Amino acid sequence: MYTIYVTFKCIEGKREAYIKKLYEEGIVDAIRAEDGCIRYDYYFAEKNSDEILLIEEWESKEHQQIHIEQPHMARLRELKPDYVETSVLGEFKLI
C-alpha cells in the first residue's frame, strides 16, 4: 500500500469553492473510480479556514503514478491556480 498526503493553502476564502468545483467537474469521482485507489479524501482544517488536507491511499506507488497522468488530473491542474496558493506533498512512512 502507498499513502501520501497533500496540504493545500488556498487563496483566502476559496477553500470550499475549490472542493465544490472538483466535485462539479466530476474530478473527485473519477479519481475514486481509478484502478488501485483505496482512499481519496479531503479534510478541512478547523483552525485555518484556508487549509485543506488530502489523504490518498493507493494499492501501490505505480497506481498513484498512473493516476497523476490521467486527463481529469490535467483538468485539476488547470483549475488549481484559481483556488490554491501552495501545496506540499508528503509520504506516510511506517516506523
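When I say that a charge sits over a ring, I mean that NZ of Lys or CZ of Arg is within 6 Å of the ring centre and within 35 degrees of the ring normal. With that in hand, and bearing in mind that what we have here is a predicted model, let me start with arginine 15, which lies over the face of phenylalanine 44, at 4.1 Å from the ring centre. There is another case of this kind in lysine 14, which is placed over the face of tyrosine 83, and here the distance to the ring centre is 5.7 Å.

Let me turn now to the sheet. The model has an open sheet of four strands, paired in the antiparallel sense, and their order is β2-β3-β1-β4. At the edges we find β2 and β4, the latter covering 84–91, and each of these pairs on one side only. From one strand to the next, the twist averages 15°. Helix α1, residues 15–24, packs on this sheet and touches β1, β2, β3 and β4, while the direction of the helix makes about 150° with that of β2.

I would like to stay for a moment with strand β3, residues 51–58. Why can we call β3 largely enclosed by the rest of the structure? Six of its eight residues are buried, so that description follows. As for its partners, β3 pairs with strand β1, residues 2–10, in the antiparallel sense over eight bridges, and in that pairing phenylalanine 8 stands opposite isoleucine 52 of β3. With strand β2, residues 37–44, β3 again pairs in the antiparallel sense, this time over seven bridges, and there cysteine 37 is the residue standing opposite tryptophan 58 in β3. The connection from β2 to β3 is a hairpin, which joins the two strands through six residues.

Next come the aromatic residues, since the structure holds four aromatic pairs. One of them is formed by tyrosine 18 and tyrosine 83, and this pair is tilted, with 5.6 Å centre to centre and 40° between the planes. Because tyrosine 18 lies in helix α1 and tyrosine 83 in the loop between α4 and β4, the pair ties together parts that are 65 residues apart in sequence. Both partners fall under the 20% limit for a buried residue: tyrosine 18 has a relative accessible area of 0%, and tyrosine 83 has one of 14%. The two tyrosines also belong to one aromatic cluster, formed by Phe8, Tyr18, Tyr40, Tyr42 and Tyr83.

Finally, a word about glutamate 78, which is found in helix α4, residues 71–79. Is this residue buried or exposed? Its relative accessibility is 53%, and because the exposed class begins over 50%, glutamate 78 counts as exposed. The side chain of glutamate 78 makes a polar contact with the side chain of arginine 75, at 3.0 Å. As for lysine 47, glutamate 78 is 31 residues away from it in sequence and 28 Å away in space, taken C-alpha to C-alpha.

Definitions and conventions
Residues numbered from 1 in each chain as written. Predicted model: local features only at pLDDT ≥ 70, side-chain atom pairs only at ≥ 80, totals over all residues. Heavy atoms only, no water. Buried < 20%, exposed > 50% of the residue type's maximum accessible area, 1.4 Å probe, protein only. Polar contact = N/O pair within 3.5 Å; in protein donor to acceptor, adjacent residues only side chain to side chain. Pairing = 2+ DSSP bridges. Axes fitted to C-alpha atoms, helices over the stretch in contact; angles between N-to-C directions. Contact = heavy atoms within 4.5 Å. Phe/Tyr/Trp six-rings, centres within 6.5 Å; stacked < 30°, edge-to-face > 60°.
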